[in-house]
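Here is a report for someone meeting this structure for the first time. Have a look at the model, then read on.

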Amino acid sequence: MLVLFETPAGFALFKVLDEGKLSKIQDLWKDFSTAEAARQVVKLKAFSKFENTSEALEAATLLIDGKASKGLRKFLRAHCGKDTLAVADSKLGNAIKEKLQIDCVHNNAVMELMRGVRNQLTELISGLAVQDMAPMSLGLSHSLSRYKLKFSAEKVDTMIVQAIGLLDDLDKELNTYAMRVREWYGWHFPELTKIIQDNIQYARAVKLMGDRVNAASLDFSEILPEEVEAELKEASVISMGTEIGELDLANIRELCDQVLSLSEYRAQLFDYLKSRMNTIAPNLTALVGELVGARLIAHGGSLLNLAKQPGSTVQILGAEKALFRALKTKHATPKYGLIYHASLIGQAAPKFKGKISRSLAAKSALAIRCDALGDGQDNTMGLENRAKLEARLRNLEGKELGRFGGSAKGKPKIEAYDKDRKKGAGGLITPAKTYNPSADSVIGQLASAMDEDTQQPSTDKKKEKKEKKEKKKKEKEKNEEDKETLQADGDADEEPVKKEKKKKKKDSTEDAELQNGDKDAGEKKKKRKKHEEQEEPAEMPSKKKGKKKKSED
């Protein structure tokens, strides 16, 4: 029987000298208590040394998965022959048996034998010291742990956090610089701000043109379209801007150079961010895009920290202030945060943005965990989930259309118009309506309008008469009730009741006067004025007489 033993330096093959001792498992450890006793049980037959650490890592990773490397297969073919092989892993034994047709054994006795060999390994293998074994085992364990954690330089997400922060800073600086160029050069050529809307094109045009007088002789075809170029040249001739010196133009051109260099660097940085996002988080990028995914990672701190968050947290990530304000004031909590800028939410109608953001956040949480902890490096999961979300969005919109159409299944009902048609009949009951040219005449319409105008005052008078009659009846009924109350109360209350009656009569007469036409009200007002003039003292008529005489003269 042969024993296969793996070491950090290579593979060792031991031959069992006394197989009978394997039957006594409980006493087997005594045979490996000393190096001399161990040499009587096993003997080194062959040793295959690793050439470098990469080969050792490859062999160790294959052994973890239960597979044999190429070097191990060559080593076993050369030295194993027809003997049975004792292995520490049953999966590895099955793989060796399938590929090399070597019988493998794995049981408790083999495990005890492996423990004894490990205990006396440096004594059994000549030339392998303890000082050499310690650094080899440490280096292999570090490299193996990196492989287990799938750690690599390309998966470092701090680069994404720094890149997205720098990209936001560059956008702010570009905006401030571009607005400064527009404001500075606007004193010389104010019409140019309305002609060219893009900041980069504006900076290029200013750098090329300099003084507005040079615009007529320059060619802007590489920067601007033909229509904008023609408009610029026309405006430069009739511009109302002030004159500007050469020194000022030189400083403005230097500022334009800064704007153009920043814009070029921003484009390079965005390409770098896209490549890093596609390598580090391909599934998240497929779902929400490069910028939104990078902002989520930066807000979470790292991809691994973001993978620990549930979908509900990913949904409102970036809206913490609104969330705590809503909880404090007991209002509705926000439905989305940074994820609002994703293209899928932008495609949805306002009433469906909340549902789509919730679904997108759930799928994004799964994609982040797959990117952070999964083995695959492709974006198949992200593309599948994106297709599902797009189908859900179409389904929601289709349901809404079906609801407006009148059916619950999403297909609008089309009902036939049966007003002029018999059931089961093909023809119409009534003949089709024809055009009536006499309806176009204006004379008949004018006459009918005049008749309506004459009828309206008569109808208004009738209504007023009816209202007067109803009021008179109500007043009579009230008077009769008042009389009955007066008789019951006695003579002591007669005077105040009479006063109240007089007041009611006055009120009723005033209402009647208001309901009558403006003519009756005017005549009564004149009569009241005459009575008041008669009651006035004698001085007032004397003054009026003097005024009349003056007017006659």
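A86 has V105 as its bridge partner in strand β5. That bridge belongs to the pairing of β4 (residues 85-86) with β5, a parallel match over two bridges. Keep in mind that all of this comes from a predicted model.

Zoom out a little and you find an open sheet of five strands, in the order β3-β2-β1-β4-β5, with mixed pairing. The edges are β3 and β5 (104-105), each of which pairs on one side only. As a general point, strands of a sheet pair through backbone hydrogen bonds, either parallel or antiparallel.

Now to the other pairings. Strand β1 (residues 2-6) and β2 run antiparallel, joined by five bridges, and the two make a hairpin with three residues between them. Strand β2 also pairs with β3 (residues 42-49), again in the antiparallel sense, over seven bridges. A12 is a handy landmark here: this β2 residue is the bridge partner of F5, and A12 also stands opposite F47 in β3. The three pairings line up like this:

| Strands | Sense | Bridges |
|---|---|---|
| β1 and β2 | antiparallel | five |
| β2 and β3 | antiparallel | seven |
| β4 and β5 | parallel | two |

How enclosed is strand β2 (residues 10-16)? Six of its seven residues are buried, so the rest of the structure largely encloses β2.

What about the nonpolar cores? The largest one has 60 residues, and Y185, L192, L232 and L360 are the ones that touch the most other members. Helix α12 (residues 246-280) supplies the largest share of this core, 11 residues. Apart from it lies another core, of 24 residues, including M1, A9, A12 and A86. So two names from the sheet, A12 and A86, turn up again in this second core.

Back in the largest core, Y185 keeps plenty of company. Not counting its neighbours within four places in sequence, Y185 is in contact with L192, Y202, V206, M209, G210, D211, R212, L249 and I252.

L232, another of those core residues, is one of the buried residues of helix α11, alongside E229, A235 and S236. Seen down the axis of α11, these buried residues fall within an arc of 130°, so they line one face of the helix. In general, an α-helix has 3.6 residues a turn, so residues three or four places apart point the same way. The face of α11 turned away from the buried side carries the exposed residues E226, E227, E234 and V237. Among the elements covering the buried residues are α9 (192-195) and α10 (199-209). As for length, α11 (residues 226-237) has 12 residues and reaches 17 Å from its first C-alpha to its last, close to the 16 Å expected at 1.5 Å a residue.

Two loop residues are worth a stop. Q101 has a positive phi of about 55° although it is not a glycine. Q101 sits in the loop between α4 (90-100) and β5, and counts as exposed at 61% relative accessibility. K330 likewise has a positive phi, about 60°, and is not a glycine. You'll find K330 in the loop between α17 (320-329) and α18 (343-347), exposed with a relative accessible area of 75%.

Finally, the whole chain. The protein chain has 24 helices and five strands, and 31% of its 553 residues count as buried. Its accessible surface comes to about 37600 Å², with 53% belonging to carbon and sulfur atoms. Among contacts with a separation of 6 or more, 62% link residues 24 or more positions apart.

Technical notes:
Residues are numbered from 1 along each chain as its sequence is written. This is a predicted model: local features need pLDDT of at least 70, side-chain atom pairs count only at pLDDT 80 or more; totals for chains, interfaces and linings use all residues. Side-chain values use heavy atoms; hydrogens and water are left out. A nonpolar core is a set of buried Ala, Val, Leu, Ile, Met, Phe, Trp, Tyr and Cys residues joined through side-chain atoms within 4.5 Å. Buried means under 20% relative accessible area, exposed over 50%, partly exposed in between (1.4 Å probe, protein chains only). Helices (H or I, at least four residues) and strands (E, at least two) are DSSP runs, numbered from the N terminus. Contact means heavy atoms within 4.5 Å. Two strands pair if DSSP finds at least two bridges between them. Accessible areas come from the Shrake-Rupley method with a 1.4 Å probe; for residues, only the protein chains shown count as cover. The expected span of a helix is 1.5 Å times one less than its number of residues. The arc is that of the directions from the helix axis to the C-beta atoms.
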